[in-house]
Amino acid sequence: MTTASDTPTRSRRNRRAEILEAAARLFAARGFHGVSIEDIGAAVGVSGPALYRHFDGKDALLSEMLLDVSSRLRESAVTVVTGSAGPEETLDALLDVQIAFATDHPALITVHDRELGNVPEPARRQIRRLQRLYVEEWVTVLAELHPDCPAARLRAATHAVFGLLNSTPHSAGELPAQDMRPMLHAMARAAIAASVR
């Protein structure tokens, strides 16, 4: 049940999410250093200084953006791995998670690829740790499917599949998501099959 006291917290959370989404679009289009706090504020209809009620600064905003997405992907993978019936279904579900992210959030992919070096070191270590844990969820499932394949090869295959799926910033808008998703799924499955022979 929602109470009146929940409303300010939910409103603040929604505003933070709106700011993060606008910042991701701007960072992807113009680069981290090409965007000011005022630009981000204007994109969400507030003054630049008002953003400091939500974030300590642009560095903190970028850190939270990339920590949030890394954490959500890792949590989704854990949910899939612990809730799926078998390794084939689990791999399909992991692919669906990554493909949904890639087709729904191409700006975040661009920001991560270009701007991770601008994240302060403590947060960057956390992001890298979450990403390694995410990869290991995939490697565990692939090892069940291909027990004779070395873990290093499975890990390399996982990273290669991410590269394929995360190419969406280059193709966004070319095909609608409902056409793009099955194509990416089939390509990723074929790439995994070819890499573990």
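How many helices and how many strands make up the secondary structure of the chain? In this predicted model, the secondary structure comes to nine helices and zero strands, and the pattern read along the sequence is accordingly written α-α-α-α-α-α-α-α-α. The C-alpha trace of the chain spans about 55 × 40 × 35 Å along its principal axes. The chain has 197 residues, of which 41% are buried. When contacts between residues at least 6 apart in sequence are considered, 69% of them join residues at least 24 apart.

Two annotated spans were considered next. The UniProt record, an unreviewed entry, carries the annotation "domain: HTH tetR-type" for residues 13-73. In the model this span is 69% helix and 0% strand, and the C-alpha atoms at its ends lie 19 Å apart. For residues 36-55 the unreviewed UniProt entry lists a "DNA-binding region"; this stretch is 40% helix and 0% strand, with its end C-alpha atoms 13 Å apart. As annotations of this kind may be inferred rather than shown by experiment, both labels are reported here as they come from the record.

The interior of the chain was then examined through its nonpolar residues. In soluble globular proteins, nonpolar side chains tend to be buried together. The largest nonpolar core in this model has 56 residues, and those with the most contacts inside it are Phe27, Ile40, Leu61 and Met65. At least two residues of this core are supplied by each of H1, helix H2 (37-44), H3, H4, helix H5 (106-115), H6, helix H7 (151-165) and H9. The largest share, 10 residues, comes from H6. Met65 may serve as an example of how such a residue is surrounded: once its neighbours within four places in sequence are left aside, Met65 is in contact with Leu20, Ala23, Ala24, Phe27, Leu108 and Val111. Phe27, which appears in that set of contacts, is itself one of the residues with the most contacts inside the core.

A charged residue can be followed in a similar way. Glu137 lies in helix H6 (residues 121-145), and Glu137 counts as buried because its relative accessibility of 15% falls under the 20% limit. Residues up to four places away in sequence not being counted, Glu137 touches Arg74, Ala77, Val78, Val81 and Leu94.

Salt bridges were counted over the model, and the count comes to 13. In one of them, Glu64 pairs with Arg16, the closest N and O atoms being 2.2 Å apart. This pair links distant parts of the chain, since Glu64 belongs to helix H3 (residues 58-83) and Arg16 to helix H1 (residues 6-30), with the two positions 48 residues apart in sequence numbering. Glu64 has a relative accessible area of 27% and is therefore classed as partly exposed. A second salt bridge joins Asp39 to Arg30, with the closest N and O atoms 2.7 Å apart. Both partners are partly exposed, Asp39 at 28% relative accessibility and Arg30 with a relative accessible area of 43%.

A third salt bridge is formed where the side chains of Arg189 and Asp92 meet, at 3.1 Å from N to O. This pair, too, links distant parts of the chain: Arg189 is in helix H9 (residues 177-195) and Asp92 is in helix H4 (residues 87-104), and the two are 97 residues apart. Arg189 counts as partly exposed at 25% relative accessibility, and Asp92 is likewise partly exposed at 25%. The pair also belongs to a network of salt bridges in which Glu88, Asp92 and Arg189 are linked.

Finally, the open space left by the protein atoms was described. Rolling a probe the size of a water molecule over the atoms shows where empty space is left. The largest pocket has a volume of about 490 Å³. It is lined by 21 residues, among which His112, Gln131, Tyr134, Phe162 and Asn166 are the closest to its centre. H3, H4, H5, H6 and H7 are the elements that give two or more residues to this lining. H6 gives the most, with six residues, and H6 is also the source of the largest share of the nonpolar core.

Key. Residues numbered from 1 in each chain as written. Predicted model: local features only at pLDDT ≥ 70, side-chain atom pairs only at ≥ 80, totals over all residues. Heavy atoms only, no water. Helix = DSSP H or I, 4+ residues; strand = E, 2+ residues; numbered from the N terminus. Salt bridge = Lys/Arg side-chain N within 4 Å of Asp/Glu carboxyl O. Buried < 20%, exposed > 50% of the residue type's maximum accessible area, 1.4 Å probe, protein only. Contact = heavy atoms within 4.5 Å. Core = buried A, V, L, I, M, F, W, Y, C linked by side-chain atoms within 4.5 Å. 1 Å grid on protein atoms, 1.4 Å probe; cavity = no way out; pocket = protein on both sides within 12 Å on 5 of 7 lines; lining within 4 Å. Points joined across faces, edges and corners; volume = space filled by probe spheres on them.
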